[in-house]
Amino acid sequence: MKILITGGCGFIGSHTCVELQNAGFDVVIADNLSNSKEEVIDRIEKITNKRPEFIKANLADEKECDEVFNTFSDINGVINFAAYKAVGESMDVPVKYYKNNLGILLNVLDNMQKHKIKYFVQSSSCTVYGEPDSLPIKETSPVKDATSPYGHTKQIAEQMLSFIVGKDIDAIALRYFNPIGAHKTALIGELPNGVPNNLLPFITQTAAGIRKELKVFGNDYPTSDGTCIRDYIHVVDLAKAHVVAMNRLINEKNKKPLEFFNIGTGHGYSVLEIINSFERSTGEKLNWSFAPRRAGDIIQIWADTQLAEEELGWKAQEDIDSMTSSAWNWQLQLKEE
Ligand code: WQD
């Protein structure tokens, strides 16, 4: 079976390629390299001894997307990661985000229909929930009004799928919580462009001396220690969930043409608990201080993982210290480059 991974040179896409190949799938990666490097293909081959096929393409361009599907005629399923994903940037350039993220989705689905490709896994996000009314959050919890164009593109993608699937495409949308960490070989990991928005890459770059100090955004939230709580999940656990989801579709075990699953650990950790985990698991002392709250941050969220456990038979295995230590090992490997 051959799977097309859009955005497969990216953080989650590259880890998913490794797990798909480990599970015996052949993989084609289509990526425009706007937020990743082609060298990732060499790294994946080093890890799995299998080189994924690769085509550089801007899938938001209809002709380039058609070209991908005309070039690789033996695709059985698609996993769609390709998207811009910086919440803050999306506030500044909303049209760019809607055009890119939704354009890619529609071009890919259009080609799947043309080429009779039936199985589709969509990269969605817990961002669709907004600020939860109750926790842990379930797939049936209300989806609130988006608070950023990025989060809005994730919501619209799910809504589009609900009208598109069922005839010739079946789909699973995986709602990721906060993916962190890196493969145990430290050959692939998160490669933020410029100053990291996300917590873990900022922590590892601070410990590596690239950043002066981590700013903890807010210490007056109504949580145990006053800092925001998130459900951090190891990127390898997240990657494995995509293999399980694609197999569910291929084996036609899905109960509806469109299914949603929370992919988290079910545990929430505060920013301070993440800092403690990083210092404990690496032995590094982190330079940090409190700063004002960041606009748009929700207070706390963590997943109810029951549906993924019962229906997918998937449960996150890695603990928080393996997430923070693997992120540090990846940062150390980067420094040697
Ligand atoms: C986590 C916590 C910050 C940086 C976003 C998107 C989500 C996904 C992951 C793409 C928050 C705090 C952070 C820093 C800090 N993106 N923080 N200092 O905002 O939960 O989720 O990124 O797929 O869709 O919404 O992740 O890592 O940015 O922040 O204190 O320098 O760390 O305030 O509480 P977030 P994050």
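In this predicted model, H242 sits in helix α8, which spans residues 235-250. H242 has a relative accessible area of 0% and is therefore buried. Beyond its neighbours within four places in sequence, H242 is in contact with I12, T16, I79, F81, V121, L174 and Y176. Two of these partners can be placed on named elements. I12 falls within the range of α1 (11-22). V121 falls within the range of β5 (119-125).

A second long-range proximity involves A23 and K240. These residues are 217 positions apart in sequence. Their C-alpha atoms are 9.4 Å apart in space. A23 occupies the loop between α1 (11-22) and β2 (26-31). With a relative accessible area of 44%, A23 is partly exposed.

The ligand site was examined next. The ligand is surrounded by 20 residues. The closest are T127, L199, K215, R230 and D297. By residue class, the shell divides into 10 nonpolar, 5 polar and 5 charged residues. Two elements, α7 (199-207) and β8 (214-217), each supply at least two residues of this shell. The largest share comes from β8, which gives 4 residues.

Polar atoms of the protein approach the ligand at several points. At Y150, an N or O atom of the side chain is 2.9 Å from a ligand oxygen. At S125, a polar side-chain atom lies 3.2 Å from an oxygen atom of the ligand. K215 takes part through its backbone: an N or O atom there lies 2.8 Å from a ligand nitrogen. On its own, the ligand has 690 Å² of accessible area, and the protein covers 90% of this.

R230 and D297 belong to the closest residues around the ligand, and their side chains also meet in a salt bridge, with an N to O distance of 3.9 Å. R230 lies in strand β9 (residues 229-230), while D297 lies in the loop between β13 (288-291) and α10 (306-312), so the pair ties together parts that are 67 residues apart in sequence. Both R230 and D297 are buried.

Charge pairing extends beyond the ligand site. Side chains of opposite charge can pair when their charged atoms come close. The structure holds 23 salt bridges in total. One of them joins K144 and D133, at 2.8 Å from N to O. K144 and D133 both lie in the loop between β5 (119-125) and α6 (149-164), so this bridge ties together parts that are 11 residues apart in sequence. The two partners differ in accessibility class. K144 has 25% relative accessibility and so counts as partly exposed. D133 reaches 64% and so counts as exposed.

Another salt bridge links E309 and K315, with an N to O distance of 3.5 Å. At 31% relative accessibility, E309 counts as partly exposed. K315, at 44%, also counts as partly exposed. Elsewhere, R248, K255, E259 and E311 are joined into one network by salt bridges that share partners.

Backbone geometry shows several departures from the usual pattern. Most residues other than glycine have a negative phi, and most peptide bonds are trans. The peptide bond from L135 to P136 is cis, with omega near -5°. P136 is placed in the loop between β5 and α6. That loop also holds the K144 and D133 pair.

Positive phi values occur at N49 and A186, neither of which is glycine. For N49, phi is near 55°. N49 lies in the loop between α2 (39-48) and β3 (53-56). Its relative accessibility is 68%, so N49 counts as exposed. For A186, phi is about 60°. A186 lies in the loop between β7 (178-180) and α7. With a relative accessible area of 9%, A186 is buried. The two positive-phi residues therefore fall on opposite sides of the accessibility scale, N49 exposed and A186 buried.

Terms used: Residues numbered from 1 in each chain as written. Predicted model: local features only at pLDDT ≥ 70, side-chain atom pairs only at ≥ 80, totals over all residues. Heavy atoms only, no water. Near = heavy atom within 4 Å. Polar contact = N/O pair within 3.5 Å; in protein donor to acceptor, adjacent residues only side chain to side chain. Areas by Shrake-Rupley, 256 points an atom, 1.4 Å probe, with all protein chains shown as cover. Nonpolar A, V, L, I, M, F, W, Y, C, P; charged D, E, K, R; others polar. Salt bridge = Lys/Arg side-chain N within 4 Å of Asp/Glu carboxyl O. Buried < 20%, exposed > 50% of the residue type's maximum accessible area, 1.4 Å probe, protein only. Contact = heavy atoms within 4.5 Å.
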